[in-house]
Each structure stands twice: as C-alpha cells, then as structure tokens.
Amino acid sequence: MSMMASYWPGPQSFGSEAVAMNNKGFRRESFQSSTSDEDLVEIAGGALDFSTTDDDPPLDREMLGGFSLYNGGGMNGTSKMMDFLEEPLPGVGTYEDFNTIDWVREKSRDRDRHREIATKSKESTWALIQSVSDAFSGWLLMLLIGLLAGSLAGLIDISAHWMTDLKEGLCLQGFWFNHEHCCWNSTETTFEDRDKCPEWKSWSQLIIGHEEGAFAYVLNYFLYVLWALVFSLLAVSLVRGFAPYACGSGIPEIKTILSGFIIRGYLGKWTLLIKTVTLVLAVSSGLSLGKEGPLVHVACCCGNILCHLFTKYRKNEAKRREVLSAAAAAGVSVAFGAPIGGVLFSLEEVSYYFPLKTLWRSFFAALVAAFTLRSINPFGNSRLVLFYVEFHTPWHLLELVPFILLGIFGGLWGSFFIRSNIAWCRRRKTTKLGKYPVLEVLVVTALTAVLAFPNEYTRMSTSELISELFNDCGLLDFSKLCEYVNDFNSTKGDDLPDRAAGPGVYTAMWQLALALILKIFITIFTFGMKVPSGLFIPSMAVGAIVGRLLGVGMEQLAYYHHDWTIFSGWCSQGADCITPGLYAMVGAAACLGGVTRMTVSLVVIMFELTGGLEYIVPLMAAAMTSKWVADAIGREGIYDAHIRLNGYPFLEAKEEFSHKTLAMDVMRPRRNDLPLTVITQDSMTVEDVEAIINETTYSGYPVVVSRESQRLVGFVLRRDLIISIENARKKQDGIVSTSIIYFTDHSPPLPPSSPSMLKLRSILDLSPFTVTDQTPMEIVVDIFRKLGLRQCLVTHNGKLLGIITKKDVLKHIAQMANQDPDSILFN
Amino acid sequence: MLAQHSWESMKILWLTTVVCCVLAPASQASKSSVDIRCKCICPPYRNISGNIYNKNVPQKDCNCLHVVEPMPVPGNDVEAYCLLCECKYEERSTTTIKIIIIIYLSVVGALLLYMAFLMLVDPLIRKPDAYTQPLHNEEENEEAHSLAAAPPPTGARANTVLERVEGAQQRWKRQVQEQRKTVFDRHKMLS
C-alpha cells in the first residue's frame, strides 16, 4: 500500500548521473566526470567519440556531494520558481485531461512548498499564523467533507425512502411522509398488519376508493410500474443531459483517479448534483441496485470540490488524492454506518497511496460523516442504516460448515456475476446495444418492475428485504417469514427455542427462491447501465436470501432430527441453537466478498452493522472462503474487471510481474523505429520546438546536451512547453520563431544580431528517473508502482536511448498476460 | 495573497453557514410532540392476541406500565404480560423530513425546467451567431490554464454579469457534450 514509502536503494540507482538539487536558490549539479564517461564509451566499443569540452555545462564542483540524501533525492525544476521572485505561469505543472500525474513531481512540489512556509514562519507573526492555518487546513477540510457527505447521505436516504413508497401510495397527513413515518403516530396499527394505517392510502384507495378486488390490484400494479418507469426515465435523462459522468458506480473510476489518472469533471459540481439527484431516482425506481458505491463517488465529489477552498490542495494533485482517499472512507462510513469499515475500505479497496496521515484524516472524516448522518437520523431508528440488526445468540463450532458452504456459494456467485456482467458490458460497449442507453434503462426497469410487483419480497426495497432477512424471529415479529408454530407453554421470556415452521415460512421460502432468481439475473443487466448504480446491496440481498434459506433449512433439520449425532451435543429439543438471521448475514458477507474480493473491510463493515463481536469468526470464515473460491475461478474483483474492460491506466499494486524481460524490450523507440524525439538544451529555436510539438503527440520530451552526444539533461513536459512558449510569445519582447530556446543555466554566447533568447530552465525537470537498458522489467514495474512514476528514461552507457511510459508498462503487462495491449486506451 | 486568503475564508464561512442551516432543524425540532413516540409491541399471550401500543410519552415513562392502556390482563398477570412486551422510545424530526423532501423536489423540478429550457426554448432564441466560435477557442485555452476554480478576473473577459454567465454556460455545455461523447457515443468510459 505505501508506495513511495521506501526509496529504492539498489545497485541500479537510476538517476545517478544527473542528480540536480535545488534548494533556496543554490544549485548543485553532479555530473559524472568526463573520464568515467569516456571509460564507459570505451567499454562499449568506443564507437562514439564525443568531445567533452563543448557540451559540458559549468560545474559547481565545490557544491557537490552530501546533498543527494537530502529530501530523499528531491527532484523537480519547477519548484525553483518559488525561490525567484517571478510567479509561476498559470498552467505550468498541471495536467491535461486523461493523463497520468507524476506522483514524484507532485510530492516534491509539496515538500518545497512546505519548506518555504516553514522558513517563512520564523520571520513574522503573520507568516506563523499562515503556517499554522496551513497545517490545520487538512483537518478543517476533513471536517467540511464529513459534514457535507453526511448531510448528502441523509438527504439521499430520506428522499429515496419517500420516493420508494411513492410507488405504492401517498400519505394524506402530509405528502412528505413515507409509509413508515405516515403511520408513525397512528394508534390504529394492529399486531397483524403493523404497517397499515388509515393515514396511508394506496393508489387504488385514492383513485377508486377501495383496495380489494382484481381491478384495484391491477391498478396498483400499473401505477407501480409507471412510477418506476418515470423515475428511471428521469434519472437517465438527467444523467444524459447534464452529467454523463454521474452514471455507474464510480468506484472503478475513483480507483483509477486515486492511482494518479486525471478525468476532468468526474468529481465536479455537476456530477455531484446530478449523481445525488439521480441516485435517489434510480434507487426508488426499484431497480436492482444500491446507493453505497455511488455514495463513495458523491463523497469524493464533495472532497474534490471542497479542495478548491484550500490552495494547498487545489494546486497539488497528489495532495488532492490524499483527500479523496479520506473522502471515500467518509462515503462508505455513511453508506453503511460503519466508520471504521469505511476507513478500511478506503485502505483495502480504493486507495493507491495511503500514508498514515491519510489514515488518521480518513478516520476523522468518517467520524464526522457518521456523526452528521446520525444527527439527521434518516431512518428514525437512531441508526445509520436500515438493516441494522442486533442479536447475540451464540453459534456452535459445527455451524462453521454451513458458513463455509455459504462462503463457497458467495465465491461461485461472485465469479459468475463478474463474468456475465463483464460479458454483457462488453457487448454494450462494442455492439449496437450501446446506442440505446435510455431505451435499455427503460426496458430493464419495466422488466424489473413487472416481475417484482407480484412477489412481496421483491416489491419492497432491497434494503428492507435485507433488513427483514437479517432479522431474528421473535415472538414480537409477525411476518410470513416468522410464522412458526408457537408453543406458548415452553416459552420463557425472550429465550425462544427452535420451532417448527408454519405454512407462512414455507410460502416465504419459495417466494424468496423466486426473488433470488430474479435478483441474480436482473443485477447482471442492471450494473453498468447509464444510471447511478452500486452493487453492494444487490449482492448482499442475493447472499442474504441464500443464507436465510439455508438457515431455515438447518433450523428445521435440527428441529426434526435433534437426535442425530451431529446435533445431539448442542441442539437438543427445546434449545435455541440456530439463528437463520445470522446465516443471512454470513451469506450476505460471502456474496459481497465474492464480488468485490474485500476481506478485512468487509468483515468490519458487517460487524459494525450488527453490533455483535461474536460473529467475527463466522464472517471471517465466509469472507475468506468466498475469496479463495472466487480467486480460483477468476482473479479479478468486479472493480478491477471494469477497470480492465474500460482500459483505464491502472497499475495494479497487488499483482506480481514475473516475466524475464528487460527495459530495452519495452522502451520506445523500438529497434526499427525512428530515433527518440529529443530537444537539445541550447541549440534549438522556437520554430524547431514548435515543429516537434506539432509533429508528435508525446506528452514530454527529453532534453539532451546535444544530438551527437545524447547525454541527458532533463525532461520537459509538452504541456509546460506549449504554455511557456505561448506565454513568451505574447508577453516577452523579442521572442520570434528564430529565437533560441535554452535550458542551460547560463545563456550560450550568441552573435549580437540574433534575436533574444528564451530561457526555459524553470520548466525543466532536472532529475528525471533513469534506468539502464539492462534493468529487468520487474524492477521497472516496481519503480512505477511504488514511486507512482509517469515516465522513466532509459540510458545505455550514460547515453539516452529511449523512454518507458506508464502506458508502455501497462501495455507490456497486458501483452505478457496474453491480453490485447491496445485495450489500454489512455496515456 | 491577502485578498485571496480572505476570499477563501469567506467561502469557508459561507459553506459552514449552509451546512449549519441544513443541520439546525435536525437538532432543534426533535422536541415537538408528533416527533416522539413510545411504541410497545406485545406478543400474543394466553388467549389475548398480540397488540401494538403507541403513545406520546417522555423517555422516562416509556415502559409497558405507562403505555399499555387499557391493560388487557388482570392485575396479577400484568407483570408476566409486561415482561413479554418490548417498548422502544423513538425520536424523529418531521421538520427535517419536510425540508429535505421539499428541497429535493424543488431541485428536481428546477433541473427538469432547465432541461426543458435547454431543449425547447434555447434553440429558438439562440441564433447561429458567428462570435461564439472564436470565443470558444479562447476559452478552451483559458480553461486549460485554470483547471482549479480560481476566481474569475473581474472585468478582464466579460463585461456584464449576463455575459459572464453566458460564457460559463457555454463552457459547461461544451464540457457536457464532450463527456456525453466519451460515455454515450464512444463508450470509452463507464460502460
């Protein structure tokens, strides 16, 4: 997890030939002495004989040494602008859309900024206050993110609940009440029909005045489907019209963004607004989707938008990603009411770079978010989620067998779901199906609604279903699922023995089985549609149904055969030994684990949901089994599979690269290609550079001493180059097409008649990472992963030979895994 | 620098106020009488069927003896009956619910109106004017430069508020179009 935490100390210490340090205006440059350079050339056969006199830059030998350890080999040329009085150009050091950030550069920029503030703070009180507020701003930002994410989650919960019930009826007391709150104060609820009250009217009651009869049923049916269609149509048209990035779950994209990719607008204001609004619509339309994944996206949008308030985070992409990691934690915290689970989710599943500081910040953000949501109290039960359960019946060691069976089912279902969903999404991506997103949403909604209404377990919202499945039947419950044959004589208070199932339970069983089939298949087609859709809730529902079925089966088995040897020790007659609700919980965890491949965070989320520490072992057993089974069938979790499907440039940190290729096999240019496009440090004109920019599409160019020697000076980014030249042409006098661009410290001597020169040393990265051409790719891959590099230069005998970009690495990995390397789309 | 700083703190202040406004009704409105209840669920007992009792009583009185009225069993059975009952004190905030639902509905309404405006009215009143094209290019660069939502330099580009809004709207429209191309047409992302 902690990339960049360890610096590479190996013998192949790259970048050793040009470590340029810069601190407080001093400049230290350590070039290899010309003698060793020539030695190397001689070893290589002495083919190149370049004179060292003309292209050796002035050396400050007395400043050499000792500084390369400072700041762990700090790099970066842009920071130096801060030391001079000139302000950096706006735009220099930023990135274009669909590009990868350079973590190393961003981090060293932040360190420079920090150092500057630290030195200034000694000078005056005002500067001291500023430095304190700068240090404090991170925590303030977390507070704001927590508040905003918590409030939005409350808004989403309350409105989604209300709109879900709107499909069935309306409250006459006040239209803003949902079914539950409508009957909240009613004294006319009965034990049998506890959610019926005169204030709440179903649509048939409102329209034709009564609720009995076939016509009323058909009317309710029709209006249910109609509302579902209206909601989903609204959702998909809002997404299409205002913020196309708001669709989907968002977690694969957020993972990619956190690993250093730039998708402009993905975490913007409109995405936030539309995602919040359409998430409510999508959830209430009764589609088989959940709000949890999108809530992570919503929280990350909050994080990104609030980052604009603070210069520290606005200007630094790496710092911003730390904030986003914490925001993701806040999102899960409010989605499940599990603050610690949220932090662990961020650590295990979404984050790429997660230092300890971010851990604490995430902790704080998750805390504030959970607190905010709790103070809104969206469900009126003083809990953060609808399906909070609380039971403390113990479990027996032998029950681990069914728990492991549930784990196996979870793994099987997880990999089945991933495969079929990916296949369907690929079809959507490549065939004509993708041309009709609105129609697709409408068809799936209609199908879901038509099939869901007749079965009461699918008609209710999925969260309610899960809540009912998790619930342990007591005497107080009166639902079909709890319709056991009661024997009141043996009842002693709360302690309820295992009972024989009544007819209600048998009805519930086959209804649940039908619900299971519907959920399994419809979720495959739902996830990935162009509405906000998460899959935590549907997978949990599938697992909970299976778990409940198995639990009830076990319970009845134990009840009727308590004399069997396996039951005799612990489950004698009249004992309460099997809790079907616990099975449902374990099943939910197993299926969620099979789909997402989470382990630690999953178990923590589940036990935060249940508030019982007794069930950690069953949950762990199920989560682990399901991960093993699922990993054995297919290695990727659903998010990684979607990342690969879309070809996002995500360098997976978990997988090992074990092929014996060398850097020279991967680098560009390849053997038969044109030579590498380079810029020389002091001989090219503005015209030449502009020609290079126009002819090529590379995002950066190495700068060399001269074309003949190919000795590396540094690396300059295309974007910085374009912006700087454009700016110079506009604002600086005497810059014409024939002006010479120089990257050296001192301008080269020129004839007096020539036009004035353009000095661009400030945008030059003086310490690009380099490896030799013989470096094994496994080391290169590790460097890219751990340091978050964007490109790395390849040298041979100290001479620039080629370049490896993150895209090349990804393509190479894909090629080695026998995948299509062209599936990696972006840079 | 100083101006920017004060601008930042103002923005933070504004944001805090908004958040407080959202949260305030949640915390203060919970005392109203329709917002508390004590709900007792009593399971079937002997020949008495199960029952639900609902009453507005403060938390300290939320128990079977205060809430279950009339008591269905004779005096000596009350204790046994009440042992089975489960009483729960619950609070909610009707004001929060009302405000949130109204906010939500008005946001959806506003978005729908705006969408209708963009689809129906906007093409009618907007003539295919020539000046938008160069404006676009200029803004493209501008936007590329300031990806962070930096405060717009006053009076530099747009003269009136209306023009500035117009410019922002155009820019936003182009962004959405670009996103739509990426997501819906080319299926490069999010599929």
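At 15% relative accessibility, A:N377 counts as buried, a label given to residues under 20% relative accessible area, with exposed meaning over 50% and partly exposed lying in between (1.4 Å probe, protein chains only). This is a predicted model, in which local features need pLDDT of at least 70 and side-chain atom pairs count only at pLDDT 80 or more, while totals for chains, interfaces and linings use all residues. Residues are numbered from 1 along each chain as its sequence is written, chains are lettered from A and ligands numbered from 1 in the order in which they are written, and side-chain values use heavy atoms, with hydrogens and water left out.

A:N377 sits in the loop between α15 (356-376) and α16 (400-430) of chain A; helices (H or I, at least four residues) and strands (E, at least two) are DSSP runs, numbered from the N terminus. The phi angle of A:N377 is near 55 degrees, a positive value in a residue other than glycine. Most residues other than glycine have a negative phi, and most peptide bonds are trans. A:F98 also departs from this pattern, with a positive phi of about 60 degrees although it is not a glycine. The loop that holds A:F98 runs between α3 (80-83) and α4 (103-120) of chain A, and A:F98 is buried, its relative accessible area being 17%. As for the peptide bonds, a cis bond joins A:R668 and A:P669, with omega at about -5 degrees. A:P669 belongs to the loop between α27 (663-666) and β5 (679-680) of chain A.

A:W203 offers a view of a helix residue, as it is found in α7 (residues 203-207) of chain A. With a relative accessible area of 12%, A:W203 is buried. Leaving aside neighbours within four places in sequence, the residues in contact with A:W203 (heavy atoms within 4.5 Å) include A:L166, A:G169, A:L170, A:L223 and A:W227. A:L170 is 33 residues away from A:W203 in sequence, yet their C-alpha atoms are 7.2 Å apart in space.

Turning to the second chain, chain B has six helices and three strands, which follow the order α-β-β-α-α-β-α-α-α from the N terminus on. Of its 191 residues, 35% count as buried. Among the contacts in chain B with a separation of 6 or more, 57% come from residues 24 or more positions apart. An unreviewed UniProt entry lists residues 99-121 of chain B as "transmembrane region"; UniProt positions are given in the numbering used here, feature names are shortened, and annotations may be inferred rather than shown by experiment. Over residues 99-121, chain B is 100% helix and 0% strand, and the end C-alpha atoms are 31 Å apart.

Finally, the two chains meet in a contact that takes 87 residues from chain A and 65 residues from chain B. Together they bury about 7,000 Å², 70% of it on carbon and sulfur atoms; buried area is the accessible area (1.4 Å probe) that two parts lose on being put together, summed over both. A:W176, A:W184 and A:F242 supply 11% of the area that chain A buries against chain B, more than any other three residues. Helix α5 (residues 125-166) of chain A gives the largest share of the side of chain A that touches chain B, 13 residues.
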